[in-house]
Amino acid sequence: RMFHDDELEESEKFYVGQPRVLLLIYALYNTLVARSEMVCYFVIILNHMISASMITLVLPILIFLWAMLSVPRPSKRFWMTAIVYTEVAIVIKYFFQFGFFPWNKHVDYTKDKPYHPPNIIGIEKKEGYVHYDLVQLLALFFHRSILKCHGLWDEDEKGDSSSNKEDTDDELSLTGGRRDSSASLKSVNLAASVESIHVHFPEQQTAIRRKSSSSISQLSHRSSFSSHRSKREQTFDTFKNINHTTLSLYVLQCKLCVIKSRCGLCCFRTLQVYVPIRQFFYNLIHPDYSAVTDVYVLMFLADTVDFIIIVFGFWAFGKHSAAADITSSLSEDQVPEAFLVMVLIQFGTMVVDRALYLKKTVMGKVIFQVILVFGIHFWMFFILPGVTERKFSQNTVAQLWYFVKCVYFGLSAYQIRCGYPTRVLGNFLTKSYNYVNLFLFQGFRLVPFLTELRAVMDWVWTDTTLSLSSWICVEDIYAHIFILKCWRESEKRYPQPRGQKKKKVVKYGMGGMIIVLLICIVWFPLLFMSLIKSVAGITNKPLDVSLTITLGGYQPIFTMSAQQNQLKSLDPNEFNDFLRSYRGNTAALQFLEGYAREDITRADLEGNSNSLWTISPPSRNKMIQGLLDFKADFTLVISWTIQRTLEEVYPYYIKAPSDSLAKPIKQLLKECKWENITVSLVKNTSEEWWVLNQLGKRRETPQESLELFIFSDKVSPPSLGFLAGYGIMGLYASVVLVIGKFVREFFSGISHSIMFEELPNVDRILKLCTDIFLVRETGELELEEDLYAKLIFLYRSPETMIKWTREK
């Protein structure tokens, strides 16, 4: 061994011999140290999600537009800005906690108001107002200590001193005349008595790319210094004829103008802010070198997660009165505005991101990042609280959506910092040929309109000579060949010897699963309609039971309703007695099998009508004449009050199905006959009303009354009501037949695709497709046309296809 130390070996042995729990703690600590920068970002974003104020809004924006865009790491200036800003925020919050401020006298009334100014600014009085700020400050100090331990904290000062030394040399050369005037033109000191600012000519900016304080190392110092020196030598040849005295007078005149003019001082202050920002983004867009990477897939997944959060939690982005789930709203043919706006915005950002990825434009991505960062933060923390009428810190779904969007912002910043890949070849799922990629790729193609939308977008934003139909043809051939390649690779990994029958595990595993799947599809509507109400059904008890009786089409003689306390459930003893009363009736027992005790409701209706009988005198006389006619279908006993027995007219048992039509239950009526009731007319001095009484009630009462039993069918849960509403025949027509069509296409028509499916070796065809993608990315458009023509000819010629797909 080249190096040996007994103490190091003893230390390593001691470390390995520690308990696993302690080793896990060591590993977690080392991970924390290695990712201390990400810990700071996480704590800052978490603090902003919980506080959601203008004070905490600054640092997250600086993270996504400064820190994460710095190469290779954030500068010391950023970390000092974050530390000082956090300390100042803590002091400001502490200062405004005193009770003598007017807005602190009614905290309980204003604490939940989203647009209350102290709540927006972040200076409201509350418990634990500074806890997360202290955790944030602790994380920033921890990261600073890590940078100091590794000697990275003072790296920026070294870079600044070296650059200042170069600028000082330039200024000395201006005075001493050792260098030509071009070097002094490159760095003109406009206000030496106030502050110094260096105005760089545009043609010289390419020589100082990546000369930021965050991207300087010892090697990069030397290389940038040498390139800087070579540029100055070129500038010497260009400006060697400029008169030195004239230049000195010009510089002196500029100094005097800036010092004497307030307007010049304002311009100076503006340039002092504008020039570093412009130079930062210029170096970002035009780097001397870049570690090209591709994180578009991760950005797409983050956007997909946000899309799912919107779909299943869209109510959190609207008023409190919005529906709890999207299925119930769509079943009522209503599209909530909040859902529509959020979906369109999310989908639009995904389309723009795809376009920037295909065009590989870093400048467009930087502009899109700036617009998106400011737009999302403005909408989430200033517009959304007014829409939802609650603070952002009280909206859990919005917080989750914002956190995932922050992950997207971090990935976008990493993509900008590293640069887009020069070549985009195929789908990210087609990089490997295994079962996982195969099933994921096929699932990707099954999503409605996703494959078509991706193909059209790729054709629009990719330089190509192919027409849209030709482009789609190449994409379809490539997808088909990739699937075949995956199957051929699986056959190589799991070979099947010739003449050997299939194993029972394969036959019963694959075949049995398909059989069970087909049986479930065929009998799905029956199973669904049976289980949805018996297992997951909800008891739908009546809220109001009304009864109206009319004689001969005249004014109703009796109207009564039963509500609340008049609607009672059966206790266990009453329910058992009820079942025993039908012990010998097979039809009734079969009907009662589908109902439990909680599904039955007894309605007690008062015998006195709740409305006066306001019949006109002519109609009253005509009704009396009808009642006096003994040839009619009913008989009456006339006395001081008109009393009459109505036979077999009262439905004692009512079935209340899931629809609105209630029906009598004939199975429970004795000999399928309805119950008898008595009808009486009571007359007062100037008013009269009808009184009804039921004969043969189960529970006798001293006063006149009616008794009614209601059997309520269970209904499906609200989330599945849109599917159960189709009924059995509707499900068969909409589900089974549609699925059966796709299954039939899988089992029929196979003979027509044998020459394209049974290809022993697809490597050459796959390479041809990949070559088309490659020459397209390199700009060889004529070669792209030739390779496409070759691919089309291959599929037109069966003999050539056989030669190309033979085993090697």
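Just after helix 30, Gly 779 takes a positive phi of about 90 degrees. That glycine is a handy place to start a walk through this model, which is predicted. The chain has 808 residues, and 38% of them count as buried. Its secondary structure comes to 32 helices and 13 strands.

**The chain as a whole**

- The accessible surface of the chain is about 47900 Å², and carbon and sulfur atoms account for 62% of that area.
- Among contacts with a separation of 6 or more, 73% are between residues 24 or more positions apart.
- The structure holds 19 salt bridges, and several of them are described below.

**Helix 30 and its surroundings**

- Helix 30 covers residues 763-778, and its 16 residues should span 22 Å at 1.5 Å a residue; the end C-alpha atoms are 22 Å apart, so the two values agree.
- The buried residues of helix 30 are Ile 765, Leu 766, Leu 768, Cys 769, Ile 772, Phe 773, Val 775, Arg 776 and Glu 777.
- Helix 21, helix 31 (781-796) and helix 32 (798-804) are among the elements that cover these buried residues.
- Arg 776, one of the buried residues of helix 30, meets Glu 784 in a salt bridge, with 2.9 Å from N to O.
- Both partners of this bridge, Glu 784 and Arg 776, are buried.

**A salt-bridge network and two pairs on helix 21**

- Salt bridges that share partners tie Arg 354, Arg 454, Asp 458 and Glu 475 into one network.
- Within this group, the side chains of Arg 454 and Glu 475 form a salt bridge with an N to O distance of 3.9 Å.
- This pair links distant parts of the chain, since Arg 454 sits in helix 20 (residues 450-460) and Glu 475 in helix 21 (residues 468-493), 21 residues apart.
- Arg 454 has a relative accessible area of 17%, so it is buried.
- Glu 475 is buried too, because its relative accessible area is 18%, and the cut-off for buried is under 20%.
- Elsewhere on helix 21, Glu 491 forms a salt bridge with Arg 488, and their closest N and O atoms are 3.3 Å apart.
- Glu 491 and Arg 488 are three residues apart in helix 21, which is about one turn of the helix.
- The two partners sit in contrasting settings: Arg 488 counts as buried at 13% relative accessibility, whereas Glu 491 is partly exposed at 45%.

**A nonpolar patch on the surface**

- Ile 515, Ile 519, Val 522, Trp 523, Leu 526 and Leu 527 make a nonpolar surface patch of about 560 Å².
- Helix 22 (504-522) and helix 23 (524-534) each supply at least two residues of this patch.
- Helix 22 gives the largest share, with three residues.
- Leu 526, one of the patch residues, belongs to helix 23.
- The relative accessible area of Leu 526 is 36%, so this leucine is partly exposed.

**Strands 11 and 12**

- Strand 11 (residues 675-683) pairs with strand 12 in the antiparallel sense, over seven bridges.
- One of the bridge partnerships joins Lys 683 to Glu 688, which lies in strand 12.
- Strand 12 (residues 688-694) has six of its seven residues buried, so it is largely enclosed by the rest of the structure.
- As background, side chains in a regular strand alternate between the two faces of the sheet.

**Arg 699, in the loop after strand 12**

- Arg 699 lies in the loop between strand 12 and strand 13 (705-712).
- With 33% relative accessibility, Arg 699 counts as partly exposed.
- Setting aside neighbours within four places in sequence, Arg 699 is in contact with Arg 602, Asp 604 and Glu 707.
- Asp 604 and Arg 699 are 95 residues apart in sequence, yet their C-alpha atoms are 9.8 Å apart in space.

Technical notes. Residues are numbered from 1 along each chain as its sequence is written. This is a predicted model: local features need pLDDT of at least 70, side-chain atom pairs count only at pLDDT 80 or more; totals for chains, interfaces and linings use all residues. Side-chain values use heavy atoms; hydrogens and water are left out. Patches are made of residues with over 30% relative accessible area and no salt bridge: like charges are joined within 9 Å, nonpolar side chains (Val, Leu, Ile, Met, Phe, Trp, Tyr) within 5 Å. Accessible areas come from the Shrake-Rupley method with a 1.4 Å probe; for residues, only the protein chains shown count as cover. A salt bridge is a side-chain nitrogen of Lys or Arg within 4 Å of a carboxyl oxygen of Asp or Glu. Helices (H or I, at least four residues) and strands (E, at least two) are DSSP runs, numbered from the N terminus. Buried means under 20% relative accessible area, exposed over 50%, partly exposed in between (1.4 Å probe, protein chains only). Contact means heavy atoms within 4.5 Å. Two strands pair if DSSP finds at least two bridges between them. The expected span of a helix is 1.5 Å times one less than its number of residues.
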